[in-house]
Amino acid sequence: MSDRRFLAANGRVARSELQGLVEADLFTDGKAYSVAESAWLLESPWGQAVRQLIFGDRFVELERQGSWSFGYSSKDGYVGYVGATCLARAFRPTHRVMVRSTYARADPNAKASLVRDLHLNSEVRVTERLGAWCRIVSRDRLHVPAAHLTEVGSRDGNVVGWARVMLGTPYVWAGNSGYGIDCSGLVQAAFHAAGLECPPDSDLQEAMPGERLSESDTLNAGDLVFWNGHVAIASGNDTLIHANAHHMSVVEERVATALARMASTDTGPATSRLRPTRLKRMRLGPREKQVTRQRG
């Protein structure tokens, strides 16, 4: 059975490629939109949040019923429902946000009204440079500090550096923004900011290609450490960075401290260590097997 996280079907409508595999009244390629404001992707209308979408994420709508849009995130294939008012005409991005969080303002000055929150990896289309500001494509007339943007093709491979950008961010289940993020969301955000592929959840991250490490192997910066439903990024000098419910934030701490603390809780001991293969092209998570959802 397909992984429900990525199964783009709800009984009424399904993605075209699923024809013959699932039952639906309509099979469609859907329509692509750009996310116009931070939004929660839900399991069902008014249901539990499974992901967070941020400004500029691409969402493919398969069905719209009332105020809800059913579809999937192009970034990682995650399926769910999002408020239709959060979607806008799709645009081709030229730049991305390179800071933890920023704001798009009504006018190109620091005292202008704050209109939209943007976060690390938010993608925008710049239409005009106005001194220290960039005007971007949006439903509103919005301006972003030029110093907070970089061109979309600018990636440095520095996973740990981008993880450190998120230090202090509150821990929020299913979060993917500078206002709140969870363990697997942090890993994905850091890898994507570095220009590296990374699936959305910790079980899928644990299954990424790479070198499997033993407990006796020295952790290098960028290696991943996994627990039951949790993941952290080794940052060097016997430290790691992770979003966790103990601190309720993203922290950098000693590996030994984290291992000992979690081993004494329901999380239990670390389950594996991985030195990921640094592939450049992002791929969707597996769809042909059922696995337990683990975000951390």
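Strands, in what I'll show you, are DSSP runs of at least two residues, labelled E and numbered from the N terminus. Hello everyone, and keep in mind that this is a predicted model.

Let's begin with one of those strands. Strand E12 covers residues 114-119, and Leu114 is found in it. Is Leu114 buried or exposed? Neither, quite: its relative accessible area is 48%, and since exposed means over 50% and buried means under 20%, Leu114 counts as partly exposed. Leu114 also joins Tyr103 and Tyr179 in making a nonpolar surface patch of about 280 Å².

Stay with strand E12 a moment longer, because Arg116 lies there too. Which residue does Arg116 form a salt bridge with? The partner is Asp140, and the closest N and O atoms are 3.3 Å apart. Asp140 sits in the loop between strand E15 (133-136) and strand E16 (142-145), so this pair ties together parts that are 24 residues apart in sequence. Arg116 is buried, at a relative accessible area of 16%, whereas Asp140 is partly exposed, at 34%.

That brings us to salt bridges in general. Side chains of opposite charge can pair when their charged atoms come close. How many salt bridges does the count come to here? The count is 16.

Here is another one to find on your screen. Asp57 forms a salt bridge with Lys75, with 3.3 Å between the closest N and O atoms. This pair links distant parts of the chain, 18 residues apart: Asp57 is in the loop between strand E5 (49-53) and strand E6 (58-65), and Lys75 is in the loop between strand E7 (68-73) and strand E8 (79-83). Asp57 counts as buried at 7% relative accessibility, and Lys75 is buried with a relative accessible area of 18%.

Then look at Glu17, which forms a salt bridge with Arg15; their closest N and O atoms are 3.9 Å apart. Glu17 is partly exposed at 47%, while Arg15 counts as buried at 17%. There is also a network of salt bridges linking Asp3, Arg5, Asp201 and Asp203.

Last stop, helix H2. It has twelve residues, 183-194, and at 1.5 Å a residue it should span 16 Å; the end C-alpha atoms are 17 Å apart, which agrees. How many of the residues of H2 are buried? Twelve of its twelve are, so the helix is mostly covered; among them are Cys183, Leu186, Phe191 and His192. After H2 comes Gly195, whose phi is positive, near 90°.

Thanks for listening!

How values were computed: Residues numbered from 1 in each chain as written. Predicted model: local features only at pLDDT ≥ 70, side-chain atom pairs only at ≥ 80, totals over all residues. Heavy atoms only, no water. Helix = DSSP H or I, 4+ residues; strand = E, 2+ residues; numbered from the N terminus. Expected span 1.5 Å × (residues − 1). Buried < 20%, exposed > 50% of the residue type's maximum accessible area, 1.4 Å probe, protein only. Patch = residues over 30% accessible without salt bridge, like charges linked within 9 Å, V, L, I, M, F, W, Y side chains within 5 Å. Areas by Shrake-Rupley, 256 points an atom, 1.4 Å probe, with all protein chains shown as cover. Salt bridge = Lys/Arg side-chain N within 4 Å of Asp/Glu carboxyl O.
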